[in-house]
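Work through the exercises below with the sequence and model open. Try each task before reading its solution.

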Amino acid sequence: MTVVIQALEVAAVDAYCWLHKGASLFAEDVVIRNDDKKCIELCAAYLDVFEENNVTAVVVMDGRKLQEKIVNENRARARDENLCTGLQLWNENRRDEAARFLKQGANVSTKMALELIKLCRERHITYIVAPFEADAQIAFLQQNGFVDIAISEDSDLLVYRCDQLKIRQILRFDEEFAINVENFG
């Protein structure tokens with residue numbers, strides 16, 4: 001299904017999806033060089049697409065971690081193991097092998113989040129640091145009419161019953177699909 005976001009809509013976006021994608025795509029820069037510049041450039045490119053399509057972005061970022069989420073602990077453990085393996089392989093000069101593990105081990109740092117906030121301030125883009133996870137905040141904004149649509153790169157927002165959810169897999173606005181939760185009964 002192809003859906004084009006209408007001009008002049010306000011869209012809440014889960015910024016950590018962008019940051020995680022950047023950390024994975026540019027893992028060597030993030031992990032080895034401690035350089036998040038390309039991650040922030042990726043976020044800037046996403047924001048450019050919003051602007052080019054007359055969509056107002058509301059950038060929503062995760063706040064504190066939920067203590068009850070065991071899944072996060074498992075993900076963090078796996079990420080740490082991948083990072084250690086990747087660094088070991090990198091130090092052994094096995095760069096191609098290391099790259100795969102570094103991509104899986106790269107993580108979003110507080111510095112990255114602060115750089116994205118700085119970018120939003122420079123561009124006068126509204127941003128929100130959610131009390132906990134961005135998903136619940138985005139759902140609140142959408143369900144209460146503060147934004148027209150919710151945009152994410154995963155399906156977590158379905159749990160919160162966002163009425164208009166667009167799952168983004170790529171940067172272009174003409175290749176996406178929309179989910180209307182009313183169809184789920």
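**Exercise 1. Find the bridge partner of A12 in strand 2, then place strand 1 in its sheet.**

Solution.
- Step 1. A12 has V58 as its bridge partner in strand 2.
- Step 2. Turn to strand 4 (residues 149–152). There, A150 stands opposite A12.
- Step 3. Count the bridges. Strand 1 is joined to strand 2 by five bridges, and the two run parallel. Strand 1 and strand 4 also run parallel, with three bridges. Strands pair if DSSP finds at least two bridges between them.
- Step 4. Check the cover. Four of the five residues of strand 1 are buried, so the strand is mostly covered. Buried means under 20% relative accessible area, exposed over 50%, and partly exposed in between (1.4 Å probe, protein chains only).

Before going on, note the ground rules. The model is predicted, so local features need pLDDT of at least 70 and side-chain atom pairs count only at pLDDT 80 or more, while totals for chains, interfaces and linings use all residues. Residues are numbered from 1 along each chain as its sequence is written, and side-chain values use heavy atoms, with hydrogens and water left out.

**Exercise 2. Write down the order of the elements and the global totals.**

Solution.
- Step 1. Count the elements: eight helices and six strands. These are DSSP runs numbered from the N terminus: helices are H or I with at least four residues, strands are E with at least two.
- Step 2. Read from the N terminus: β-α-α-α-β-α-α-α-β-α-β-α-β-β.
- Step 3. Take the burial total. The protein has 185 residues, and 42% of them count as buried.
- Step 4. Take the surface. About 10,500 Å² is exposed, and carbon and sulfur atoms supply 50% of it. The areas come from the Shrake-Rupley method with a 1.4 Å probe; for residues, only the protein chains shown count as cover.
- Step 5. Take the contacts, meaning heavy atoms within 4.5 Å. Of those between residues at least 6 apart in sequence, 66% join residues at least 24 apart.

**Exercise 3. Is D14 buried or exposed, and what does its side chain do at helix 1?**

Solution.
- Step 1. Locate D14. It belongs to strand 1 (residues 10–14).
- Step 2. Read the accessibility. D14 is buried because its relative accessible area is 5%.
- Step 3. List its contacts beyond four places in sequence: V60, A134, D135, I138, I151 and S152.
- Step 4. Look at the N-terminal end of helix 1. D14 caps it, with a side-chain oxygen 3.2 Å from the backbone nitrogen of Y16.

**Exercise 4. Describe the packing of helix 1 and its aromatic pair.**

Solution.
- Step 1. Pick out the buried residues of helix 1 (residues 15–25). They are A15, Y16, C17, W18, L19, G22 and A23.
- Step 2. Name what they pack against: strand 1, helix 2 (27–32), helix 3, strand 2, helix 6 and strand 4.
- Step 3. Follow L19. Beyond four places in sequence, L19 contacts I40, C43, M61, V108, M112, A113 and L116.
- Step 4. Pair the rings. W18 and Y46 are stacked, 4.7 Å centre to centre with 5° between the planes. Rings of Phe, Tyr and Trp (its six-membered ring) pair if their centres lie within 6.5 Å; planes under 30 degrees apart count as stacked, over 60 as edge-to-face and the rest as tilted.
- Step 5. Place the pair. W18 is in helix 1 and Y46 in helix 3, 28 residues apart. Both W18 and Y46 are buried.
- Step 6. Extend the group. F50 joins W18 and Y46 in one aromatic cluster.

**Exercise 5. Which residues touch the most other members of the largest nonpolar core?**

Solution.
- Step 1. Fix the term. A nonpolar core is a set of buried Ala, Val, Leu, Ile, Met, Phe, Trp, Tyr and Cys residues joined through side-chain atoms within 4.5 Å.
- Step 2. Answer. In this core of 37 residues, they are L19, F50, V59, M61 and L116.
- Step 3. Find the largest share. Helix 3 gives eight residues to this core.
- Step 4. Look apart from this core. Another core has nine residues, among them V58, A130, A134 and A150.

**Exercise 6. Compare the backbone and exposure of N54 and N93.**

Solution.
- Step 1. Neither is a glycine, yet phi is positive: about 55° at N54 and about 65° at N93.
- Step 2. N54 sits in the loop between helix 3 (37–52) and strand 2 (56–61). N93 sits in the loop between helix 4 (70–91) and helix 5 (95–105).
- Step 3. N54 counts as partly exposed, at 46% relative accessibility. N93 is exposed, at 56%.

How values were computed: A polar contact is a pair of N or O atoms within 3.5 Å; within protein, one must be able to donate a hydrogen and the other to accept it, and residues adjacent in sequence count only if both atoms are side-chain atoms.
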